[in-house]
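Me: Hi! I am new to reading protein structures and would like to go through one step by step. Could you help me with some questions about this one?

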Amino acid sequence: MAGREVAAQGSFGVGVDKLRKRPDFLRAARALRQGTTGFHLQGNPRRDGAETMRVGFTCSKKVGNAVARNRAKRRLREVARRVLPEQGRAGWDYVLIGRAEVTAAHDLEQMCRDLEWALSRVHAQA
């Protein structure tokens, strides 16, 4: 258990964990959302008093074959690793959804700016 916590902290930063369970993804899908050019963001304030934020990534088969989906998710993980520790809020769940033909080819710095903008919009709706 401790190894998983250290791995989660090392990959995204302290206080950021991964979404792993389907019900958590479904709750985020019913919550706040904001689209950008490179991806869609879903945000769900948990209100459970937890000090960690959680993030999940998904790409449908519309994005492409397994290689294309994995490439898109790697890029989404990198964007989240750069932006969420500073811009995300404790106690929130975030899901980044890749878009067909865009996520894998879009400029990474622009995607970081898009995530900052989308987070500000989602937090303003809460």
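The questions and replies below go from the overall fold to single residue pairs.

Reply: Happy to help! This is a predicted model, in which local features need pLDDT of at least 70 and side-chain atom pairs count only at pLDDT 80 or more, while totals for chains, interfaces and linings use all residues. Residues are numbered from 1 along each chain as its sequence is written, and side-chain values use heavy atoms, with hydrogens and water left out.

Me: In what pattern do helices and strands follow along the protein chain?

Reply: Helices (H or I, at least four residues) and strands (E, at least two) are DSSP runs, numbered from the N terminus. The protein chain has 4 helices and 5 strands. Reading along the sequence gives the pattern α-β-α-β-β-β-α-β-α.

Me: What percentage of the residues in the protein chain is buried?

Reply: Buried means under 20% relative accessible area, exposed means over 50%, and partly exposed is in between (1.4 Å probe, protein chains only). The protein chain has 126 residues, and the buried share of them is 42%.

Me: In what order do the strands lie in the sheet?

Reply: Two strands pair if DSSP finds at least two bridges between them. The 5 strands make an open sheet with mixed pairing. Its edge strands, each pairing on one side only, are β1 (16-18) and β2 (32-35). The full order is β1-β4-β5-β3-β2.

Me: Do β4 and β5 run parallel or antiparallel?

Reply: These two strands are joined by 5 bridges, and one example pairs Phe57 with Leu96 in β5. For comparison, β2 and strand β3 (residues 39-45) are joined by 4 bridges and run antiparallel. As for β4 and β5, they run parallel.

Me: Which residue in β4 stands opposite Val16?

Reply: β1 and β4 run parallel and are joined by 3 bridges. Opposite Val16, in β4, stands Met53.

Me: How many residues of β4 are buried?

Reply: β4 has 6 residues. The strand is largely enclosed by the rest of the structure, because the number of its residues that are buried is 5.

Me: Which strands does α3 touch as it packs on the sheet?

Reply: Contact means heavy atoms within 4.5 Å. Axes are lines fitted to C-alpha atoms, for helices over the stretch in contact, and angles run from 0 to 180 degrees between N-to-C directions. The direction of α3 makes about 160° with that of β4. The strands it touches are β3, β4 and β5.

Me: Where in α3 does a kink lie?

Reply: α3 has 22 residues and reaches 30 Å from its first C-alpha to its last, close to the expected 32 Å (1.5 Å times one less than its number of residues). The bend at a residue is the angle between axes fitted to the seven residues ending there and the seven starting there. In α3 a kink of about 35° comes shortly before the proline Pro85, and its place is Arg81.

Me: Why are Arg81 and Glu78 about one helical turn apart?

Reply: A salt bridge is a side-chain nitrogen of Lys or Arg within 4 Å of a carboxyl oxygen of Asp or Glu. Arg81 and Glu78 form one, with their closest N and O atoms 2.6 Å apart. An α-helix has 3.6 residues a turn, so residues three or four places apart point the same way. The pair is separated by about one helical turn because, in helix α3 (residues 66-87), their spacing is 3 residues.

Me: Is Arg81 buried or partly exposed?

Reply: Its salt-bridge partner Glu78 has 21% relative accessibility, so Glu78 counts as partly exposed. Arg81 has 39% relative accessibility, so Arg81 counts as partly exposed.

Me: Which helix holds Glu109, the residue paired with Arg82?

Reply: The side chains of Arg82 and Glu109 meet in a salt bridge of 2.7 Å, N to O. Arg82 lies in helix α3, and the pair ties together parts that are 27 residues apart in sequence, because Glu109 lies in helix α4 (residues 108-125).

Me: How far apart are the closest N and O atoms of Asp93 and Arg54?

Reply: A search of the whole structure finds 9 salt bridges. This pair forms a salt bridge, and both Asp93 and Arg54 are buried. The closest N and O atoms of the two are apart by 2.8 Å.
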